[in-house]
Structures are given as structure tokens and as C-alpha cells.
Amino acid sequence: MLPPASYNARSHLRVPGSSGYSQRRVQLRGQERPITANRQTSWAFADAFVAEDDALHWARERARDSGLPSVSPGTGAALRLLAATADAKAVAEIGTGTGVSGIYLLQGMRPDGVLTTVDPEPERQQFAKQAFRAAGFASNRARFIPGRALDVLPRLADGGYDLVFCDGDRMESLECLAESLRLLRPGGLVCFEGVFARGRTVDSAAQPAEVLRLRELLRAVRESQELLPSLLPVGDGLLCAVRRG
Ligand SMILES: C[S@@+](CC[C@H](N)C(=O)[O-])C[C@H]1O[C@@H](n2cnc3c(N)ncnc32)[C@H](O)[C@@H]1O
């Protein structure tokens, strides 16, 4: 079972099951706080806390033009922090988009670090390439691989990565988790963007297969003996885990 996931007005927590919600109720243990309007405002403040430069604005606009989501400033800042904390030299990204998350990852990585980024849409990768250049990164800091994650990841080196960031097809989340565990060095990090699915992950109404997959991912990460997980409430939910050494 997943950990307590949502509050409701009657101050109990419900736990998502594999095919939706179980009705099991979890008693509050006293340390939880109600979600007040101030708390929501604080979350919004935290998510907009970092300022973005022209290159990030440009990449965001290209994403918006294509109707594509990109990581929020708060999620980007968390990724940058994690990459810097891991002293990342090699990062793999699934879902280049127009390069918003890639800029944050590159900012956190070592100056000689290389971001390997995978996306089946070459036009988006072209935008990302331009955005990385505008952000001041030399072309040898990024390796763009066109293709779908599950075709490309098996070709990447075992244990060769400090961080794997997954922001591609949610239906492939579990397979990407398995590939990430193979790609990561001991002590490396895996991060999944968008695990809240805009609130649908903890919504008791019937949900599409994509959301059920995300629930399976949450459970798999939480229960893995190989991982130390944390679910960060930034943006649309950033699920992070360290591969144990
Ligand atoms: C949400 S966008 C990524 C946004 C990007 N990470 C950012 O924040 O700027 C998702 C991207 O995943 C790509 N994608 C879709 N299916 C994929 C797959 N099977 N493997 C890799 N990337 C995929 C899409 O083309 C799209 O560009």
C-alpha cells in the first residue's frame, strides 16, 4: 500500500490501490497539518521561488507553442539541486521536450558533465539544442538521441549515470524504472516528473491507464529494496530515489 496520500475535509487519509482507491482509512498521527489557503500559497511561492533567465523563457515559449508541458521552475530548481548535490558528470534524460529541464540539469552538473537526452521528436530536440546554446552551454555538453526511451536506453552503459530523469511516456514508467536501475551507479538518483498527474493520482474517481501506471510506479519505488525514495511536492510531483550503494 502507498503511504498516506491525501487529506479530506473529515481529516482522514485514503490510500490509492493498484486499480484505484481502497477505502481503507489511515488515522492521522498528529504530525500532519491541514492544507490551508496559506499553505497552498506557500507551495505556489516555493514553485516560483527561482528566477528564470531568457534562455529558459525562450524554451518555455517554444514548449507552449507546441502545447507541450515543461517542468515548473520549482521542479527545475530541485533537479538542478539534485544534479549539483550528486556532482553529476553523466545524466540521462527521457523526454527532451524543448529543453527546459535540460537547462536546469546542465546548470547543476559538473562543468565537464554531459547530458544524454532522448526524445522521438527531432524538431523538439532542435529547439532544445538552440536553448542550451542560448543558456551558454557548449555543444559537447549534450548528446541528443532521437528515439523512444525503451529503444534507446538499452544501448546506454550499465552503471554509467549519476542521475536519470524520466519525463517521457507515463505508460512506460515501470520499464523506465527498471532501465534506470541498470543505468545508475550506486548512490545515483532516479527522478520521475508529473507523478501527481494534476491531482488524478490521489483522486478516487475512475482514472485512465496512465494514472494507474503512475500508481504502480509509486508503489514499486516505495517498496524497492534497492531504492531510498522521496516524493517531492514541487510542480506536478517529482518522485526521487537514490539507488543504494
Ligand atoms: C513533458 S515533455 C518533456 C518536457 C521536458 N522534460 C522539459 O521539461 O522541458 C515529454 C516529452 O517526452 C517525449 N516522449 C514521448 N514519448 C516518449 C518516449 N517513449 N520516449 C522518450 N520520450 C518520449 C515527447 O516527445 C515530449 O517531448
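What percentage of the 245 residues in the protein chain is made up of buried residues? In this predicted model, buried residues make up 40% of the chain. The chain contains eight helices and 10 strands. Among its contacts with a separation of 6 or more, 68% join residues that lie 24 or more positions apart.

The ligand is surrounded by 24 residues, of which G95, G97, V100, S101 and G168 are the closest. Two elements, α4 (100–108) and β5 (114–119), each give two or more residues to this shell. Divided by class, the shell around the ligand comprises nine nonpolar, eight polar and seven charged residues.

Helix α4, one of the elements that contribute to the shell, is mostly covered, with eight of its nine residues buried. The buried residues of α4 are V100, S101, G102, I103, Y104, L105, L106 and G108. Of these, V100 and S101 are also listed among the residues closest to the ligand.

Helix α4 also packs on helix α5. The axes of α4 and α5 come within 9 Å and cross at roughly 40 degrees. The two helices are therefore oblique to each other, and α4 passes α5 in a right-handed crossing. On the α4 side the contact is made by G102, I103 and L106, and on the α5 side by A128, A131 and F132. By class, this contact has five nonpolar residues, one polar residue and no charged residues. In an α-helix there are 3.6 residues a turn, so residues three or four places apart point the same way.

Helix α5 (residues 122–134) has a further partner in helix α2 (residues 54–65), the axes of the two coming within 8 Å and crossing at roughly 165 degrees. At that angle, which is over 145 degrees, α2 is roughly antiparallel to α5. The crossing of α2 past α5 is right-handed. Residues D54, A55, W58, A59 and R62 of α2 meet F127, A131 and A134 of α5. The residues of the contact between α2 and α5 divide into six nonpolar, no polar and two charged. A131 of α5 takes part in the contact with α2 and in the contact with α4.

Two residues of α5 can be set side by side in terms of burial. A128, which lies in helix α5, is buried, with 26 other C-beta atoms within 10 Å. The cut-off for a buried residue is 20 or more such atoms. Leaving aside residues up to four places away in sequence, A128 touches T96, G97, T98, G99, G102 and T117. G97, one of these contacts of A128, is also among the residues closest to the ligand. A128 and I103 are 25 residues apart in sequence, and their C-alpha atoms are 8.6 Å apart in space. P122, also found in helix α5, counts as exposed, with 11 C-beta neighbours inside 10 Å. The cut-off for an exposed residue is 12 or fewer. P122 is separated from G147 by 25 residues in sequence and by 8.5 Å in space, C-alpha to C-alpha.

A further helix pair is formed by α7 (residues 173–183) and α8, which pack at an angle of about 30 degrees with their axes 9 Å apart. This angle, being under 35 degrees, makes α7 roughly parallel to α8. S173, L174 and L177 of α7 meet R213, L214, E216, L217, A220 and V221 of α8. By class, the contact of α7 with α8 has six nonpolar residues, one polar residue and two charged residues.

Positive phi values outside glycine occur at residues including D87 and R198. For D87, phi is near 50 degrees; this residue is placed in the loop between α3 (73–85) and β4 (90–94). D87 is exposed, because 11 other C-beta atoms lie within 10 Å. For R198, phi is near 55 degrees. R198 lies in the loop between β8 (184–193) and α8 (209–223). R198 is likewise exposed, with 11 other C-beta atoms within 10 Å.

Technical notes: Residues are numbered from 1 along each chain as its sequence is written. This is a predicted model: local features need pLDDT of at least 70, side-chain atom pairs count only at pLDDT 80 or more; totals for chains, interfaces and linings use all residues. A residue is near a molecule or strand if its C-beta atom, placed from the backbone, lies within 6 Å of it. Helices (H or I, at least four residues) and strands (E, at least two) are DSSP runs, numbered from the N terminus. Ala, Val, Leu, Ile, Met, Phe, Trp, Tyr, Cys and Pro count as nonpolar, Asp, Glu, Lys and Arg as charged, and the others, Gly among them, as polar. Axes are lines fitted to C-alpha atoms, for helices over the stretch in contact, and angles run from 0 to 180 degrees between N-to-C directions. Angles under 35 degrees count as roughly parallel, over 145 as roughly antiparallel, 65 to 115 as roughly perpendicular and the rest as oblique. A crossing is left-handed if the near helix is turned anticlockwise from the far one by less than a right angle, and right-handed if clockwise. Two residues are in contact if their C-beta atoms, placed from the backbone, lie within 7 Å.
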